[in-house]
Amino acid sequence: MYMGHYAIAVGARRWMRPLPMAWLLFASIEPDLYDVVGHVVPALSIGPDTHTIPGVLGAAVIVTALGAILFRRLMLAIGTGLLVLSHVGVDYLTSRLPLWRHGPVLGLHLYATPWADFLLEAVTIVAGIALYANCPDLRRPARGGLIAMGLLMLGMQAIWNFGFVSR
Ligand SMILES: [Zn+2]
């Protein structure tokens, strides 16, 4: 999944308002960040594990612990751990991923059907923004900005699915 990850973080703010948005965004794409780290520092040998079940469970535990230390709110910390899990959960819809290193590969692989992936991510984006828009602490001017943000996310998703670069 691409933009949908960010939409999930944005929507999750509805229940995790005390936490910084940046932390929610970080948690929702943490497995992909691990991929980047794995690429930059191959010696860590985490590349093949980032999107496996053991890999994402480990990452969720680490992020939950970090969240508990940083923000001292256990339920919110568990929420960010769930955001990490959500990443790989929804990636199973859009990709095919090994259950564990060298394990069987599973997933719907909607990326292969760009309009289907776009539809799923568009629904996720709209739902995430709608949840965010209902945060009771949101000021009125911010709501207009949300529409712009939603359109930007849909546009970036469209480029990803139908875009100008051949993948
Ligand atoms: Zn991913």
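This report describes a predicted model, from its helices and zinc site to its aromatic contacts, nonpolar core and selected single residues.

The model is predicted, with local features requiring pLDDT of at least 70 and side-chain atom pairs counting only at pLDDT 80 or more, while totals for chains, interfaces and linings use all residues. Residues are numbered from 1 along each chain as its sequence is written, and side-chain values use heavy atoms, with hydrogens and water left out.

**Annotated spans**

An unreviewed UniProt entry lists residues 53-71, 76-95, 115-133 and 145-165 under "transmembrane region". UniProt positions follow the numbering used here, feature names are shortened, and annotations may be inferred rather than shown by experiment. In the model, residues 53-71 are 100% helix and 0% strand, with end C-alpha atoms 26 Å apart. Residues 115-133 are likewise 100% helix and 0% strand, and their end C-alpha atoms lie 26 Å apart. Helices (H or I, at least four residues) and strands (E, at least two) are DSSP runs numbered from the N terminus.

**The zinc site**

The zinc ion is coordinated at 2.1 to 2.2 Å by the OD atoms of D32 and D91 and by NE2 of H51 and of H87. Donors are N, O and S atoms within 2.8 Å of the metal (3.2 Å for Na, K and Ca); water is not among the atoms, so sites may look incomplete. Along the sequence, the donor residues follow the spacing D-x18-H-x35-H-x3-D. The pair H51 and H87 links distant parts of the chain: H51 lies in the loop between α3 (30-40) and α4 (53-71), H87 lies in helix α5 (residues 74-94), and the two are 36 residues apart.

The angles among the 4 donor atoms run from 85 to 175 degrees, and the site is irregular. Four donors count as tetrahedral if all angles lie between 85 and 135 degrees; four count as square planar and six as octahedral if opposite donors are over 155 degrees apart and all others between 65 and 115; anything else is irregular.

H51 is buried, because its relative accessible area is 8%. H87, at 0% relative accessibility, is also buried. Buried means under 20% relative accessible area, exposed over 50%, and partly exposed in between (1.4 Å probe, protein chains only).

**Aromatic contacts**

Rings of Phe, Tyr and Trp (its six-membered ring) pair if their centres lie within 6.5 Å; planes under 30 degrees apart count as stacked, over 60 as edge-to-face and the rest as tilted. By this rule there are 5 aromatic pairs. One of them joins Y2 and W160, whose ring centres are 4.3 Å apart with planes at 20 degrees, so the pair is stacked. This pair links distant parts of the chain, with Y2 in the segment before α1 (3-12) and W160 in helix α7 (residues 140-162), 158 residues apart. Y2 is partly exposed at 22% relative accessible area, and W160 is partly exposed at 27%. Y2, Y111 and W160 together form one aromatic cluster.

Another contact involves a charge: the charged end of R13 sits over the ring of Y132, 5.3 Å from its centre. A charge sits over a ring if NZ of Lys or CZ of Arg is within 6 Å of the ring centre and within 35 degrees of the ring normal.

**The largest nonpolar core**

A nonpolar core is a set of buried Ala, Val, Leu, Ile, Met, Phe, Trp, Tyr and Cys residues joined through side-chain atoms within 4.5 Å. The largest such core has 18 residues, of which M16, L19, L24, L83 and V84 touch the most other members. At least two residues of this core come from each of α1, α2 (21-28), α4 and α5. Helix α5 supplies the largest share, 5 residues.

**Selected single residues**

Two residues have positive phi without being glycine: R72, near 55 degrees, and H102, at about 65 degrees. The table places these and other residues.

| Residue | Location | Relative accessible area |
|---|---|---|
| R72 | loop between α4 and α5 | 69%, exposed |
| H102 | loop between β1 (97-98) and β2 (105-106) | 78%, exposed |
| A43 | loop between α3 and α4 | 76%, exposed |
| L57 | helix α4 | 45%, partly exposed |
| V105 | strand β2 | 40%, partly exposed |

The C-alpha atoms of A43 and V105 are separated by 24 Å, with their positions 62 residues apart along the chain. The C-alpha atom of V105 is 9.6 Å from that of T52, 53 residues apart along the chain.
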